[in-house]
Structure formats: structure tokens, C-alpha cells
There are 2 protein chains.
Amino acid sequence: MSRKPASERILETADRLFYGQGTVIGVDTIAAEAGISKRTLYNHYPSKDTLIVAYLQRRLREIPTTDAPPAQQILDDFDRLERAFGWDGFRGCAFVNAVAELKDPRHAANAIALQFKERRRQWFRALLELGGAPDPEGLSLQLLLLVDGAIAAALVRKDPTVARAAKEAARVLLQAAGLVAHAPTAPSAPKPADPPASRPPLG
Amino acid sequence: MSRKPASERILETADRLFYGQGTVIGVDTIAAEAGISKRTLYNHYPSKDTLIVAYLQRRLREIPTTDAPPAQQILDDFDRLERAFGWDGFRGCAFVNAVAELKDPRHAANAIALQFKERRRQWFRALLELGGAPDPEGLSLQLLLLVDGAIAAALVRKDPTVARAAKEAARVLLQAAGLVAHAPTAPSAPKPADPPASRPPLG
DNA sequence: TGTAATATACACAGACCTGTGTACTATGCA
DNA sequence: TGCATAGTACACAGGTCTGTGTATATTACA
């Protein structure tokens, strides 16, 4: 009957509802949508908080590294962002939302959110070092600010193209660091526009 | 007895609690903390949604314009941000938080949040035009992304100094637009450090 | 003083929330 | 076949929430 194990179906449903509706969504709803009794859910996750933490942890994924030049990989990241913003269910950054929703500053969600943000920054930093940037530490943080700013702006404006503005700003910063030589290269072709299958990776 | 009119005390308390705890805080709590009966609250604001909208509208304030050179005014804005981040009750951007919390995309909060973000961007744009930037429209958006990114990062990292990273990025962008001539000028002195009286203006 | 507006205390309806208890059923395995 | 594991259905406790109803008190003003 049920092709996937119960705990996985619970997590998938929790992901969809927590991200789409916020962590205020009720446990009853999650169980019902997952096609599972509430009792079973509580047997797998002893409290709602446990489920929230599992949901966030599941979103901690690696960013795919290619063999393109460092600056190009960084700029490509903003293209991925734009696709994520254009996705129908886009609702901002899951981690930032969780931190904002859960008022308790000692909640485990805070540490996971920090971990996620640091992961992306370290990914930037490694690429910047590879490209020979003078201050990878500082520049990686600046690039991360552009990413987070684009996420917030895309949420408020409901406009995916803010990712392009972030990308242009990133290009200027990379140019100033000596990582990009060519001029803006015109708006880089109207984009291949492959629609995202399910969920783009922005957290 | 009560020095201020009731409706104002309600709004002040709502501001404090909605911002500090999120809009999930109960109406009972707001009434109790404001020292008024719940019935009176509902006489002034016929629903909680009305109160939320009034709370957000109250945060729509102008940004103080000085007579400093445009680029300097923009960079000073990031210093204000850093002070806001260092404030004890800092919990991110009230508007972004509200949009993230209220799942309904047609909620009035969305329009108010957009209005607030656009206001700051237009303030940037006017200054950029004054300074003769080649693309005020695009650059103003890029600067706004840095602001919003700094807010999100300050919230997650609990570190006010991200504002400084945003400021440095902004300086590079302004330099590339020909608005700032001098080199980084060293970390600009350790900052006068006047503690914010009550609530810094970040929304 | 009298009258009208405004505030209060307090109970309540109806809904939803998390988490538990309990008895029943299906399934895999020896 | 027997038995443990895992899932289901369903009620319930105890709490919170928004919003209303009602009867009483305070205040402003003519």
C-alpha cells in the first residue's frame, strides 16, 4: 500500500506544509495530509519541535560544485536563485522564516539556520580563495548578504528578477576583487529557462 | 490617570509585542499589557487584522534626509542599521516578518511591506540621481538588497557587524558608479557609539 | 445636576492546538 | 500457527485563540 516508509512520508509532508504555511500549521493537518494517524506521527517524532528540527535538518544540503571557473560558479548561483524565486511555492528562506517565527532564541532552529548560512558562505569563500581574491572572508559575507537580500526582496515584491540585480551587484564586487575581467557581457542571453522540477535549493 | 489616549497606548503595546513576539501573540496579552480591557481594544480595532495593519502602518516612517553628500548619506544609512542591529530587542524587519507569518498573499500587510521597501529604495534613487549615478534605478535596488540581506544576516548570526560588511559592499558599488572617489579610508574610526534611545528605524 | 459616551469586569461560544490513553487491526516472521 | 511490531481510529484533557454579550462603572459635558 504505502510505497515509502511512514517516517519519510511524514517528513515530506511536514516540509511542504511547514515551508508553505509556516511552523504554526497543526500536527493534525500534517498527519492527515500524510495519510497517517496522529498517533503514528508522535511515535516517530515525540514532539512537534522534534519534527520542526528534523524538517530544517533535511534542508541542509550541499550546493552542487561544478568545474566552471570560481567566479562563474558564484554567478551561476544567482541564476539558481532566480529559478527558485519563480517557483510557485516560493515563500522565502525556510531557515530565516523559522528563526523569525520561533521566538525562543535558544531554539535549536537558530543553530541550524546559522549552520546553513555558514555553509553557503564557506562555499563562496573556498571559490574566492581558488580565484585568488584578496579578502575571501569579507567578500564571501558580502555575497551572502546579496543572496539573503534577494530572497527577502523576492518575497516582498513577488518578483523573481531581483536575483538579476543581485547578480549584477555580485559581478561588480567580483570585478573589484579582480575575479572577473570581461565587462557586463550584455544581459547574458535571455536565459535557457528550464522550469524547476520540484523544489529549488534555497533552504 | 491614563496620560495618553487609549488607542495610542494600544498601538504602542501592539507594536512592542507584535514586533517582539510576532503577530501570533494573543489579543488578550496586548490588552492586558496595555492596561485596558479587551472589550475596549475591540471597540477601537474591530479585529486583530485591523490592529496588525495599524501596527505596520505606524512603522511607515520617512528616513531623515540631511545635507551631506549623497553617497555619504547612503553610507550613513548602514551605520544606522548597525545601531539597530545592536539594539537588544532587534528581531529583524517587521514587514518581512509580517509577510512571512501571514500566509495569505492578499493580506494588506503585503502591500504595506512593499510600500515600505519601495520608500527606502526611492530614497536611495533620489540620492543617486543627485550624485549623477548612471543607473539609479538598478543601483538603488542593489543597495536595498544589501540592506535586507544585512537585516536577515544580523538576525541569524546575532552579529550587528554584518552591517559593516554591507557598508563596504555598498561603497564598492558606489565607487563603480563613480559616486565615491576616495579609497576605503580605513575602517572609518571606531564609531561614536551612541546607544539608541528606544527603537531604531528599520521598519 | 442629568445625559451620553466610553471604559470596565467577566463569562462564554466555538474553534483550534499539543499530546496522551486505549482498544482494535494489519503485517512480518519464526 | 503464534507472537511481536507497527499502524489505526477515536476520544479526551487542558490549554489557547478570536470575538461577543452583558451589566456595571466612570468620565465629559451641557
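I take a polar contact to be a pair of N or O atoms within 3.5 Å. With that in hand, I began at DNA strand D, where a phosphate oxygen is 2.8 Å from an N or O atom in the side chain of A:Thr40. I note at the outset that this is a predicted model.

**Entry 1. DNA strand D**

I looked up which residues lie around DNA strand D and found 16 of them. The ones that come nearest are A:Thr40, B:Val27, B:Asp28, B:Lys38 and B:Lys48. Of the atoms of DNA strand D that come within 4 Å of the protein, sugar and phosphate account for 50%.

I then examined single contacts from chain B. For B:Val27, a backbone N or O atom lies 2.7 Å from a phosphate oxygen of DNA strand D. For B:Lys38, an N or O atom in the side chain is 2.4 Å from a base oxygen of DNA strand D.

Which helices each supply at least two residues of the surface near DNA strand D? I found helix 3 (38-44) of chain A, together with helix 2 (27-34) and helix 3 (38-44) of chain B. Sorted by class, I recorded 5 nonpolar, 6 polar and 5 charged residues on the surface near DNA strand D.

**Entry 2. DNA strand C**

I turned to DNA strand C, which 16 residues surround. I listed the closest as A:Val27, A:Asp28, A:Lys38, A:Lys48 and B:Thr40. Sugar and phosphate make up 52% of the atoms of DNA strand C that come within 4 Å of the protein.

Three contacts went into my notes. A polar side-chain atom of A:Arg39 lies 3.1 Å from a base nitrogen of DNA strand C. The side chain of A:Lys48 has an N or O atom 2.7 Å from a phosphate oxygen of DNA strand C. The side chain of B:Thr40 has an N or O atom 2.6 Å from a phosphate oxygen of DNA strand C. Helix 2 (27-34) and helix 3 of chain A, with helix 3 of chain B, are the elements that give two or more residues to this surface. By class, I counted the surface near DNA strand C as 5 nonpolar, 6 polar and 5 charged residues.

**Entry 3. Chain A with chain B**

I next asked how many residues each chain brings to the contact. Chain A gives 38 residues and chain B gives 38 residues. The area buried between chain A and chain B is about 3,100 Å², and carbon and sulfur atoms give 70% of that area. On the side of chain A, I found that A:Leu145, A:Val156 and A:Arg157 lose the most area to chain B, together 20% of what that side buries.

**Entry 4. Chain A as a whole**

I read chain A as having 9 helices and 0 strands. Of its 203 residues, 51% are buried. Among the contacts in chain A with a separation of 6 or more, residues 24 or more positions apart account for 69%.

**Entry 5. Two residues of chain A**

I picked A:Thr13, which lies in helix 1 (residues 6-21) of chain A. Is A:Thr13 buried or exposed? I take it as buried because its relative accessible area is 7%, and the cut-off is under 20%. Not counting residues up to four places away in sequence, A:Thr13 touches A:Ile30, A:Glu33 and A:Ala34.

I then picked A:Leu144, found in helix 8 of chain A. A:Leu144 is buried, with a relative accessible area of 2%. Leaving aside its neighbours within four places in sequence, A:Leu144 is in contact with A:Lys117, A:Arg120, A:Arg121 and A:Phe124. I noted that A:Leu144 and A:Lys117 are 27 residues apart in sequence but 7.9 Å apart in space, C-alpha to C-alpha.

**Entry 6. Helix 6 of chain B**

Why is helix 6 (residues 94-101) of chain B largely enclosed by the rest of the structure? I found that 8 of its 8 residues are buried, and therefore it is largely enclosed. The buried residues include B:Phe95, B:Asn97 and B:Glu101. What covers them includes helix 6 (94-101) and helix 8 (136-157) of chain A, as well as helix 1 (6-21), helix 4 (48-58) and helix 7 (108-131) of chain B.

**Entry 7. The nonpolar core**

Last, I looked up the largest nonpolar core, which has 143 residues. A:Phe85, A:Leu174, B:Phe85 and B:Leu174 have the most contacts inside it. I followed B:Leu174 further: apart from neighbours within four places in sequence, its contacts include B:Ala71, B:Ile74, B:Leu128 and B:Val180.

Note on methods. Residues numbered from 1 in each chain as written. Chains lettered and ligands numbered in written order. Predicted model: local features only at pLDDT ≥ 70, side-chain atom pairs only at ≥ 80, totals over all residues. Heavy atoms only, no water. Near = heavy atom within 4 Å. Polar contact = N/O pair within 3.5 Å; in protein donor to acceptor, adjacent residues only side chain to side chain. Helix = DSSP H or I, 4+ residues; strand = E, 2+ residues; numbered from the N terminus. Nonpolar A, V, L, I, M, F, W, Y, C, P; charged D, E, K, R; others polar. Core = buried A, V, L, I, M, F, W, Y, C linked by side-chain atoms within 4.5 Å. Buried < 20%, exposed > 50% of the residue type's maximum accessible area, 1.4 Å probe, protein only. Contact = heavy atoms within 4.5 Å. Buried area = accessible area lost by both parts, 1.4 Å probe.
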